[in-house]
Amino acid sequence: MFTLDGRHITDEDSFYCAIGEAVNGPGGYFGWNLAALDDCLRGGWGATAPFTLRWDSSAKTRAQLAERLPVSDRETTVFDLILEILEKRGVSVILH
């Protein structure tokens with residue numbers, strides 16, 4: 001299990017930094033955009049799914065990543081799109 005600390009996530013860039021460090025340690029990389037995150041979840045960049053991610057302070061992160069994006073025939077937030085990508089690739093997410 002990996003733990004993602006959402007207390008200091010203020011935007012998308014800080015999310016990628018935080019998840020990189022949660023999965024691969026200080027200075028760790030695990031994507032710098034949604035496509036790269038999806039690629040990392042396919043393996044070769046540290047953890048390979050399936051695994052569990054405990055997301056602490058997830059409500060704070062949800063508020064920070066509330067930007068709405070068009071996706072196919074709908075709109076969703078950056079936070080919800082990240083959750084969709086994680087779950088699609090076999091990551092069990094526990095929101096705290």
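Is Pro 70 buried or exposed? In the predicted model, Pro 70 is exposed, with a relative accessible area of 68%. This residue lies in strand β3, and its surroundings are taken up below, after the overall architecture of the chain.

The secondary structure of the protein consists of four helices and five strands. Read from the N terminus, these elements follow the order β-α-α-β-α-β-β-α-β. For a chain of 96 residues, a compact globule would be expected to show a radius of gyration near 12 Å, and the value computed for the protein, 12 Å, agrees with this. Along the principal axes, the C-alpha atoms occupy a box of roughly 30 × 25 × 20 Å. Of the 96 residues, 44% are buried. Among contacts with a sequence separation of 6 or more, 52% are made by residues 24 or more positions apart. The accessible surface amounts to about 5,100 Å², and carbon and sulfur atoms contribute 51% of that area. The protein carries 9 positive and 14 negative side chains, and 4 Å separates the centres of the two sets.

The strand that holds Pro 70 has two faces. In β3, which spans residues 68-71, Leu 69 and Val 71 form the covered face, whereas Arg 68 and Pro 70 form the uncovered one. The exposure of Pro 70 follows from its relative accessible area of 68%, because the term applies to values over 50%. From Pro 70 to Lys 88, a separation of 18 residues in sequence, the distance between C-alpha atoms is 18 Å.

Strand β3 is paired with strand β4 (residues 74-77) in the antiparallel sense, and four bridges join the two. Val 71, which belongs to the covered face of β3, has Arg 74 as its bridge partner in β4. Two residues stand between the strands of this hairpin. One residue of the loop between β3 and β4 is Ser 72, which has a positive phi of about 55° although it is not a glycine. Most residues other than glycine have a negative phi, and most peptide bonds are trans. With a relative accessibility of 78%, Ser 72 counts as exposed.

Within strand β4, Thr 77 is buried, its relative accessible area being 11%. When residues up to four places away in sequence are set aside, Thr 77 touches Leu 65, Ala 66, Glu 67 and Arg 68. Arg 68 is also one of the residues on the uncovered face of β3.

Helix α4 comprises residues 78-88, and its buried residues include Val 78, Phe 79, Leu 81, Ile 82, Leu 83, Ile 85 and Leu 86. An α-helix has 3.6 residues a turn, so residues three or four places apart point the same way. Leu 86, found in helix α4, has a relative accessibility of 1% and therefore counts as buried, the cut-off being under 20%. Apart from neighbours within four places in sequence, the contacts of Leu 86 are Ile 19, Leu 41, Leu 53, Trp 55, Val 91 and Val 93. Among these contacts, Leu 53 and Trp 55 fall within the residue range of β2 (51-56). The C-alpha atom of Leu 86 lies 7.6 Å from that of Asp 38, although 48 residues separate the two along the chain. Asp 38 falls within the residue range of α2 (34-40). Just after α4, Gly 90 adopts a positive phi of about 95°.

Two further backbone features occur on either side of strand β2. Before β2, the peptide bond from Ala 49 to Pro 50 is cis, with omega near 10°, and Pro 50 lies in the loop between α2 and β2. After β2, Ser 57 is found in the loop leading to α3 (58-64). Phi of Ser 57 is near 55°, a positive value in a residue other than glycine. Ser 57 is partly exposed, with a relative accessible area of 26%, whereas Ser 72 in the loop between β3 and β4 is exposed, at 78%.

How values were computed. Residues are numbered from 1 along each chain as its sequence is written. This is a predicted model: local features need pLDDT of at least 70, side-chain atom pairs count only at pLDDT 80 or more; totals for chains, interfaces and linings use all residues. Side-chain values use heavy atoms; hydrogens and water are left out. The radius of gyration is taken over C-alpha atoms; the globule rule is 2.2 Å times the number of residues to the power 0.38. Buried means under 20% relative accessible area, exposed over 50%, partly exposed in between (1.4 Å probe, protein chains only). Contact means heavy atoms within 4.5 Å. Accessible areas come from the Shrake-Rupley method with a 1.4 Å probe; for residues, only the protein chains shown count as cover. Lys and Arg count as positive and Asp and Glu as negative; His and the chain ends are not counted. The place of a charge is taken as NZ of Lys, CZ of Arg, CG of Asp or CD of Glu. Two strands pair if DSSP finds at least two bridges between them.
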